[in-house]
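Hello,

Here is the structure I promised to pass on. Please have a look at it, then read my notes below.

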Amino acid sequence: RYTEGMPWTFRPVSEDKVWVLDSVNKRLKLFGKDNKVENQIVLAEMGHNIMDFAVYKNDTFAFFNNVSGEIFVTDKNGEIKNVLKGFVTATSMEFNSKGELLVALPVAKGKVCVDQVGQLRGIYAGNQTLSIIESTAGGLYGLQFADKKAELFIQKDYNATSTVKIAEFEYELIHSKDVWFSGGEVYGCDEKGNVYVGLIVCDIDGIIYRERIYKCTPEGKKLGSVDIISSPVLSPAAPRKRVIASNGQILTANYSEDLYMISYHEIK
């Protein structure tokens, strides 16, 4: 009822293969470039509400049921290895470089880090501007907004005071109405560790003046950007708006009445 039956999210495997979460049919499906299903993982044992999934080294999967609050850790064939409980209100998850799960869990007032058997490693204290995207140097990326300026920071450890600003973005154009950075998201990193950040500038009526995606080094140096035409999101509750492929493609899911389409932007 939230996404009109369209998939909640997807993850690229390579330039021509993508995992798509088909929750309605209780399957995770691997599509090739010709749109044919090449593999699938059955999710029937995990309930009706699988909202998100994550992949670690192509052989470990995690699936999140947003009604039961359970995370199912499986092998590459979907065989359940562990069930992690207590994640009601979670909105998304990612594996970090150690194979631990980073979970956006508002009720915990931060981002929760647990291992694959459910042992709590720690909680990155912080508000919703902190992402679950890990920096190659360790810690999590986050965004901070102040009028026409936005900052990209890294929170180095679980303590909220460990944040370090690494990049600043400024909106330079003047308009008859006041505008400001109204939101943004850290989308992910490519295989080189470059981080991709999306920022939106709006006025008080919600009119979008700019949506721009920046590519930065792990240390915050800007390597390029691309301005895009904003389109309605599938659902505000969806785990993520865009996904970064290992080669740096910025993938987005769009849909029409009878089509689900994955397209991409590139920053040269």
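Cysteines first: this predicted model has 0 disulfides. C113 is in none, and the nearest cysteine sulfur, that of C189, lies 16 Å away. A disulfide needs the two sulfur atoms within 2.5 Å, so a pair at that distance does not count. C113 is also buried, at a relative accessible area of 2%. C189 is in no disulfide either; its nearest cysteine sulfur belongs to C216, 10 Å away. With a relative accessibility of 23%, C189 is classed as partly exposed. The cut-off for buried is under 20%, so C113 falls within it.

Next, strand 11 (110–114). How many of its residues are buried? The count is 5 of 5, so the strand is mostly covered. Strand 11 has antiparallel pairings with strand 10 and strand 12.

- Strand 10 (101–105) is joined to strand 11 by 5 bridges, and the two run antiparallel. L105 is set opposite G110 of strand 11. The hairpin between these strands has 4 residues in the connection, and K109 has a positive phi near 60°.
- Strand 12 (residues 120–125) is also joined to strand 11 by 5 bridges, again antiparallel. Here V114 faces L120 of strand 12. This hairpin has 5 residues between its strands, and G118 adopts a positive phi near 100°.

Now the cores. The largest nonpolar core holds 31 residues. L28, F63, I71, F87, M93 and L101 have the most contacts inside it. Several strands give two or more residues to this core, among them strand 2 (17–22), strand 3 (27–32), strand 6 (60–65), strand 7 and strand 9 (92–95). Strand 10 and strand 11 are on that list too. Which strand gives the largest share? Strand 5 does, with 5 residues; it spans 50–56.

F87 is worth a look on screen. Leaving out residues up to four places away in sequence, F87 touches F64, G69, I71, V103, L105, V112 and V114. A second core lies apart from the largest one and has 18 residues, including A167, V179, V195 and Y214. As a general point, nonpolar side chains tend to be buried together in soluble globular proteins.

One charged residue deserves a note. E70 sits in strand 7 (residues 70–75). Is E70 buried or exposed? E70 is buried, with a relative accessible area of 17%. That value is under 20%, which means it meets the cut-off for buried. The E70 side chain makes a polar contact of 2.5 Å with the side chain of K85. Beyond four places in sequence, E70 touches F63, F64, N65, V83, L84 and K85.

Further along the chain, look at strand 15 (residues 149–155). Strand 15 is mostly covered, with 5 of its 7 residues buried.

- Strand 14 (residues 140–146) runs antiparallel to strand 15, and 7 bridges join them. Y141 has I154 of strand 15 as its bridge partner. The hairpin here has 2 residues between the strands, and D147 takes a positive phi near 60°.
- Strand 16 (residues 163–170) is likewise antiparallel to strand 15, with 7 bridges between the two. L152 has A167 of strand 16 as its bridge partner. A167 also appears in the core of 18 residues.

Last, the open sheet. It has 4 strands in the order 17-18-19-20, with antiparallel pairing. Why do strand 17 and strand 20 each have a side without a neighbour in the sheet? Strand 17 (179–189) and strand 20 (222–227) stand at the edges with a single partner strand each, so one side of each is left free of a neighbour in the sheet. On average, neighbouring strands of this sheet are turned by 20° against each other, direction ignored.

Inside the sheet, strand 18 (residues 195–203) and strand 19 (residues 208–216) are joined by 8 bridges and run antiparallel. I200 stands opposite E211 of strand 19.

Best wishes

Conventions: Residues are numbered from 1 along each chain as its sequence is written. This is a predicted model: local features need pLDDT of at least 70, side-chain atom pairs count only at pLDDT 80 or more; totals for chains, interfaces and linings use all residues. Side-chain values use heavy atoms; hydrogens and water are left out. Buried means under 20% relative accessible area, exposed over 50%, partly exposed in between (1.4 Å probe, protein chains only). A polar contact is a pair of N or O atoms within 3.5 Å; within protein, one must be able to donate a hydrogen and the other to accept it, and residues adjacent in sequence count only if both atoms are side-chain atoms. Contact means heavy atoms within 4.5 Å. Two strands pair if DSSP finds at least two bridges between them. Axes are lines fitted to C-alpha atoms, for helices over the stretch in contact, and angles run from 0 to 180 degrees between N-to-C directions. A nonpolar core is a set of buried Ala, Val, Leu, Ile, Met, Phe, Trp, Tyr and Cys residues joined through side-chain atoms within 4.5 Å.
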